[in-house]
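I opened the model to look up how its helices pack and what lies inside. My entries follow in the order I made them.

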Amino acid sequence: MSNLGIILVSHSKNLAQGIADLIAEVAKDVAFTYVGGTEDGGIGTSFDQVQDIVDANPAHELLAFYDLGSARLNLEMVTDFSDKVIHIQNVPVVEGTYTAAALLQASADKDTILSQLAELEITK
């Protein structure tokens with residue numbers, strides 16, 4: 001297994017689960033952890049839940065994907081407190097997560113994956 005893994009933070013449990021289902025189809029060997037929604041089942045994200053998925057992911061270096069701004073904010077805060085290297089990606093959440101997972105499954109190296117993700121980057 002690669003030392004590079006993937007984390008996903010979504011405001012929605014259903015959105016996160018749907019993306020996880022897609023990833024499971026193409027990247028069974030990729031270290032992938034995710035969270036969607038709040039602990040009580042509502043819409044939102046929390047620092048603690050993001051910290052939990054970072055800690056649960058066995059990889060030391062993570063590509064992080066998110067759906068909305070406060071999810072990114074929680075990722076940034078967790079990055080400040082984590083010993084893991086976390087690369088937050090500013091790409092469409094479905095396409096970016098899927099692309100990274102498929103490339104990791106195909107044993108692409110980090111630079112190749114980051115190059116492909118850069119082509120998807122959202123600049124606004």
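**Helices α2 and α3.** I began with the axes of α2 (residues 47–56) and α3 (residues 69–81), which come within 9 Å and cross at roughly 55°. Axes here are lines fitted to C-alpha atoms, for helices over the stretch in contact, and angles run from 0 to 180 degrees between N-to-C directions. The angle therefore makes α2 oblique to α3; under 35 degrees counts as roughly parallel, over 145 as roughly antiparallel, 65 to 115 as roughly perpendicular and the rest as oblique. I noted the crossing of α2 past α3 as right-handed, the near helix being turned clockwise from the far one by less than a right angle (anticlockwise would be left-handed). Phe47, Val50, Gln51 and Val54 of α2 meet Asn74, Leu75, Met77, Val78 and Phe81 of α3, contact meaning heavy atoms within 4.5 Å. Helices (H or I, at least four residues) and strands (E, at least two) are DSSP runs, numbered from the N terminus.

**Ground rules.** This is a predicted model, in which local features need pLDDT of at least 70 and side-chain atom pairs count only at pLDDT 80 or more, while totals for chains, interfaces and linings use all residues. Residues are numbered from 1 along each chain as its sequence is written, and side-chain values use heavy atoms, with hydrogens and water left out.

**The buried side of α2.** I listed Gln49, Val50, Gln51, Ile53 and Val54 as buried in α2. Buried means under 20% relative accessible area, exposed over 50%, and partly exposed in between (1.4 Å probe, protein chains only). Their cover includes β1, β2 (32–36), β3, α3 and β4 (85–88). I then took isoleucine 53, which sits in α2 and counts as buried because its relative accessibility is 7%. Outside its neighbours within four places in sequence, isoleucine 53 contacts Ile7, Leu8, Val9, Thr33, Tyr34 and Val35. Isoleucine 53 and valine 9 are 44 residues apart along the chain, with 8.9 Å between their C-alpha atoms.

**Two loop residues.** Is asparagine 57 buried or exposed? Asparagine 57, in the loop between α2 and β3, is buried, because its relative accessible area is 1%. Not counting residues up to four places away in sequence, asparagine 57 touches Gly5, Ile6, Ile7, Ala31, Phe32, Thr33, Leu62 and Lys84. Serine 82 lies in the loop between α3 and β4 and counts as buried at 14% relative accessibility.

**Cores.** I found 19 residues in the largest nonpolar core, where Ile6, Leu8, Leu63, Phe65, Ala100 and Ile113 have the most contacts inside it. Such a core is a set of buried Ala, Val, Leu, Ile, Met, Phe, Trp, Tyr and Cys residues joined through side-chain atoms within 4.5 Å. Two or more of its residues come from each of β1 (4–10), α1 (13–26), β3 (61–66), α4 (93–105) and α5 (110–118). A second, separate core has 16 residues, including Val54, Ala59, Ala71 and Ile86. Leucine 8 touches, among others more than four places away in sequence, Ala16, Phe32, Ile53, Phe65 and Thr97.

**Helices α4 and α5.** I recorded that their axes come within 10 Å and cross at roughly 155°, which means that α4 is roughly antiparallel to α5. The contact is made by Gly96, Thr99, Ala100, Leu103 and Leu104 of α4 with Ile113, Gln116 and Leu117 of α5. This crossing is right-handed.
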